[in-house]
Amino acid sequence: MEIIDILLAASFWEAAIRIATPLIFGVLGALVCERAGVLNLGIEGIFTAGAMAGWMAVWLGAGLWGGVLVAALAGGFFGLIHAILTVPLGLSQHVSGIGVTLLATSLSYFTYRTALPDVSSPPRIEPFRPLDIPFLSELPFIGQALFSQTAMTMLALVLVFVTGWVLYRTPLGLAIRAVGDNPSSVEAQGLSVYGLRIGAVVVGSSLMALGGAFLTMSAFDAFFFGMINGRGWVCIALTVFASWRPGKALIGALLFGAFDAFQVRLQTEVGAFLPSQVFLMMPYILSIIALIVVARKADYPKALLVPWFKGQR
């Protein structure tokens, strides 16, 4: 009964949604990149760059939404590097992505140490506060679980619907999906394959960076080393789990958030009988199982990872 009580508690789902928020940003970004045919393994470093850039911008006085914008621009910058290397130059998407992760992470840490050489603990900022929406926040269960989140969580949820609408209800979305399946047909229509792919990677990378910004500007109030903790790699797996669809991406992120929130509470209940590492593994083990079940039927973009050059047939 204790497990049922945990799952039915509004506080549990409030925590699950909060944990899922950076993953929602990240998986949407990865989804946009991969729909256009480009795998972006730079996501872990882009998360770090977004976290550091957004936090530092706020610390320097840019304001919270100014920090969000700076984080998105930082992500777009590293996305542009990855796009130039992999789209017109046709270099390995795996190698370029790992290189971007190393570059973005190292540059973020270097910038932090250069700006704050004598600081032993990271300076604090005033983060986004939970919203208090009249009437909605007072609703039973859903009011606490959903409508008491911060503005960045609401932004992530809105972006799920915006991304789905753009991809499936607009000519631009059709072109992005087509360039990830059959780029030669897109060129035959007079559209720029390079432009669409580069644009998708830049926009997707900006979304990834917002996941990092959430951690320093909403979940916490400072930037510290190692705070990304593999969330970028989880997003890559969730993209496959979601079959490259925004709605399923939201479900996958929420499931991982629920697994993570559940292990914390379960550890409190029975932690005396099992090592803490067992509980820390649970979200990842359950995610791997879910990925195995779903991935076999995934309808992946046909031109994903396939280099394309102008005039190619």
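This is a short talk on helix 4, the nonpolar cores and residue I98 in a predicted model.

I'll start with helix 4. It covers residues 64-86, which is 23 residues. At 1.5 Å a residue it should span 33 Å, and the C-alpha atoms at its ends are 33 Å apart, so the expected span and the model agree.

Which residues of helix 4 are buried? They are G67, V68, A71, A72, A74, G75, G76, F78, G79, H82, A83 and T86. What do they pack against? The partners are four stretches: helix 3 at 43-59, helix 5 at 93-115, helix 7 at 151-169 and helix 10 at 193-219.

Next, the cores. The largest nonpolar core contains 77 residues, and within it I24 and W55 have the most contacts. Helix 10 is the biggest contributor to this core, giving 12 residues. Setting aside residues up to four places away in sequence, I24 touches A156, L157, V160, L250 and A253. Another core, of 7 residues, lies apart from the largest one; F12, A15, A258 and L266 are among its members.

Last, I98, which is in helix 5. Is I98 buried or exposed? Neither label applies: its relative accessible area is 37%, so I98 counts as partly exposed, given that buried means under 20% and exposed means over 50%. Not counting neighbours within four places in sequence, I98 has contacts with L41 and W233. In sequence, L41 and I98 are 57 residues apart, while their C-alpha atoms are 5.8 Å apart in space.

Methods: Residues are numbered from 1 along each chain as its sequence is written. This is a predicted model: local features need pLDDT of at least 70, side-chain atom pairs count only at pLDDT 80 or more; totals for chains, interfaces and linings use all residues. Side-chain values use heavy atoms; hydrogens and water are left out. Helices (H or I, at least four residues) and strands (E, at least two) are DSSP runs, numbered from the N terminus. The expected span of a helix is 1.5 Å times one less than its number of residues. Buried means under 20% relative accessible area, exposed over 50%, partly exposed in between (1.4 Å probe, protein chains only). Contact means heavy atoms within 4.5 Å. A nonpolar core is a set of buried Ala, Val, Leu, Ile, Met, Phe, Trp, Tyr and Cys residues joined through side-chain atoms within 4.5 Å.
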